[in-house]
Amino acid sequence: MKKKWILGLVCVLTAALLGVTGAVAANVGSQEDPLVTYSYLNDTFKNEVLAEANGGFVLVTMSSGQTLKGEVGTEVMLRVGTAVCTASSTPGLIDTTSAGTLNNGAALEKNHLYMMTIEDRGVKATASTVKVLVRGSYTVA
């Protein structure tokens, strides 16, 4: 009699455990408990995180007279045309390529990377078509 009772108790506990395990397994991969694969992390998520962290360059085309202004930390590289630095004080832009500075009205050199380290700094197009690579927040007016 005791053996039947113990066997019955074991069966009830096993069934209960299987039920809980089944319920937990049913939620895996759902919206509440998403299942993430290694390939997703490696092929998709990593690229998205790197893109956000590194913030790739954007090609911006401007016409003569237009000014691109960037927030602190914005980087600019002149690729096509001519442009000058616009700044209300010195230094205007930091030339990270030559480790120098560029003041208001000075011409940007092609393929040099410039950084805006103070607010209200910009690049004014002086050719009919100017193309710059920009990384960071900016406006064109």
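Which residues does Val123 touch, not counting residues up to four places away in sequence? The points below address this and the surrounding architecture.

1. This is a predicted model, in which local features need pLDDT of at least 70, side-chain atom pairs count only at pLDDT 80 or more, and totals for chains, interfaces and linings use all residues. Residues are numbered from 1 along each chain as its sequence is written, and side-chain values use heavy atoms, with hydrogens and water left out.

2. Val123 is in contact (heavy atoms within 4.5 Å) with Met62, Gln66, Thr67, Leu68, Val76, Ala83, Val84, Thr86, Leu93, Leu108 and Met116, leaving aside residues up to four places away in sequence.

3. The largest nonpolar core (buried Ala, Val, Leu, Ile, Met, Phe, Trp, Tyr and Cys residues joined through side-chain atoms within 4.5 Å; buried means under 20% relative accessible area, 1.4 Å probe, protein chains only) has 19 residues. Those with the most contacts inside this core are Leu68, Leu93, Leu108, Val123, Val130 and Val132. At least two core residues come from each of S1, S3 (75-80), S4 (83-87), S8 (121-125) and S9. Strands are DSSP runs (E, at least two residues), numbered from the N terminus.

4. An open, antiparallel sheet contains six strands in the order S1-S9-S3-S7-S5-S6; pairing requires at least two DSSP bridges between two strands. Strands S1 (58-62) and S6 (100-102) stand at the edges with a single partner strand each, so one side of each lacks a neighbour in the sheet.

5. Strand S5 (residues 93-95) pairs with strand S7 (residues 113-115) in the antiparallel sense over two bridges. Asp95 stands opposite Tyr114 in S7.

Note on methods. Helices (H or I, at least four residues) and strands (E, at least two) are DSSP runs, numbered from the N terminus. Buried means under 20% relative accessible area, exposed over 50%, partly exposed in between (1.4 Å probe, protein chains only).
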